[in-house]
Each structure stands twice: as C-alpha cells, then as structure tokens.
Amino acid sequence: RPAMASRRNWRALRPGWEGGSARRVLVLCHGNICRSPTVERLLRRSIERAEVVSAGFHATAGREPPPGWAALVSDALGIDISDHRSKVVDQTMLAWADIVLVMDTANWRALRRHFPSSLAKAVLLGAMRPRSILSNLNIADPYDADEPAMRSVARRLQDEVAELIATVD
C-alpha cells in the first residue's frame, strides 16, 4: 500500500519534487492513452527544464487516445494528444526516470508487482494537493466514461499538475 499521510506530513508522498530535483519524469497509467499522455503534455508545456515521457502497463503499444478524450482535452485544457501512441513501460524507462507519477493505487500496485526496485521513485499524482490526502488519491480512468465524467477527470489532472508545478517553481 502507498504510505498514507496526515495533513502535517502529506509532502512525504512527494519525494523528488522538493527543491526541484526531479528532471526526468515518467508518467504512468494503465493504458497510456488518456491520463498519462495528458499529464505528459501538460508538464511539457509548463516545465521547460524537465524531460517528460509517459507509458502504461497495458501490454499493447501503439494504441491511440479515444477520440472523445483527445477532443475534450484539446478543447478544455488546450493541449493536443491526438498524435499520441501508447507505450508499454519497461525497466529502461524506469531506470531513466528521477520520479514516476502514477494515477491510482492500481498503477502503484502494478509497479510494485512488476518493477519493485522502482517503487521508491513512485508518487501518486493525486497526492499533490494536501486536501487529496483526506479524500481520494486515485484519479479515475476516463476511458469508458461519459463526457461530464471525462471533463471532471481532465479538470482534476489539470489541478494536480498545477499543484505539482507550484512545488518546483
């Protein structure tokens, strides 16, 4: 299980971000077609000095973002992920990364199961804001969601990324 934190020590869930020491960021979700490529593009747009890559645990590479999600994030967040194609996470990516952002506890468990030596680099993106500790650390997968739920996830990703950026600037 990911470490749980009180309001006083929630920053413990954010290793590597304090002092801006993370320069290579790997963003993971299950399929690498919705959440992680969106976060990758948001971070690339906002943090020039960081290298950002995304990948997923789904065994198939080359998949495209669902049109509904790609259009929604383009409209709502001002980023285009329509050219993104999924990648499968591997040990080389994890060794490269200074920090690994995961979207939910299922991703955290998959990382622990398949790449336990990289677990120390893992941070739940949903832990970026102090109030998240007392609510839900998981950022829902919008893959099969309706448009209102997709919009909610897109806003949450944007908010979490904004909080993360505030910690390194």
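**Questions on helix, sheet and core**

Me: How far does helix α1 (residues 35–46) reach from its first C-alpha to its last?
Reply: Helices (DSSP runs of H or I, at least four residues) and strands (runs of E, at least two) are numbered from the N terminus, and α1 has 12 residues. The expected span of a helix is 1.5 Å times one less than its number of residues, which for α1 gives 16 Å. Close to that expected value, α1 reaches 17 Å.

Me: What kind of model is this?
Reply: Residues are numbered from 1 along each chain as its sequence is written, and side-chain values use heavy atoms, leaving out hydrogens and water. Local features need pLDDT of at least 70 and side-chain atom pairs count only at pLDDT 80 or more, whereas totals for chains, interfaces and linings use all residues, and the model itself is predicted.

Me: How many helices and strands does the secondary structure of the chain come to?
Reply: From the N terminus on, the elements run β-α-β-α-α-β-α-β-α-α. Reading α as helix and β as strand, the chain comes to 6 helices and 4 strands.

Me: How many of the 12 residues of α1 are buried?
Reply: A residue is buried under 20% relative accessible area, exposed over 50%, and partly exposed in between, with a 1.4 Å probe and protein chains only. Among the buried residues of α1 are Arg 35, Pro 37, Glu 40 and Leu 42. The helix is largely enclosed by the rest of the structure, because its buried residues number 9 of the 12.

Me: What is the relative accessible area of Ser 36?
Reply: Ser 36 is found in helix α1. Leaving aside its neighbours within four places in sequence, Ser 36 is in contact (heavy atoms within 4.5 Å) with Val 27, Leu 28, Cys 29, Ser 54 and Ala 55. Ser 36 counts as buried because its relative accessible area is 0%.

Me: Which element gives the most residues to the largest nonpolar core?
Reply: A nonpolar core is a set of buried Ala, Val, Leu, Ile, Met, Phe, Trp, Tyr and Cys residues joined through side-chain atoms within 4.5 Å. Of the 33 residues in the largest one, Val 39, Leu 43, Trp 69, Leu 101 and Leu 125 touch the most other members. The elements that give two or more residues to this core are β1 (24–29), α1, α2 (67–77), β3 (99–102) and α6 (147–168). With 7 residues, the element that gives the most is α6.

Me: Which strands are the edge strands of the open sheet?
Reply: Two strands pair if DSSP finds at least two bridges between them, and the 4 strands of this sheet have the order β2-β1-β3-β4, with parallel pairing. An edge strand pairs on one side only, and the two that do so are β2 (51–56) and β4 (122–124).

Me: Which residue of β3 is the bridge partner of Leu 26?
Reply: β1 and β2 pair in the parallel sense over 6 bridges, and there Leu 26 stands opposite Val 53 in β2. β1 is also joined to β3 by 4 bridges, again with the strands running parallel. In β3, the partner of Leu 26 is Val 100.

Me: Which residue of β4 stands opposite Leu 101?
Reply: From β3, Ile 99 and Leu 101 point one way and Val 100 and Val 102 the other way, and all are buried. β3 and β4 run parallel and are joined by 3 bridges, one pair being Val 102 with Leu 124. Opposite Leu 101 stands Val 123.

Me: Is Lys 121 buried or partly exposed?
Reply: Lys 121 is found in the loop between α4 (105–114) and β4. Leaving aside neighbours within four places in sequence, the contacts of Lys 121 include Leu 94, Asp 98 and Val 100. Because its relative accessible area is 24%, Lys 121 is partly exposed.

Me: What is the value that phi of Asn 32 is near?
Reply: Asn 32 lies in the loop between β1 and α1, and counts as buried because its relative accessibility is 0%. Most residues other than glycine have a negative phi. Asn 32, a residue other than glycine, has a positive phi near 60°.
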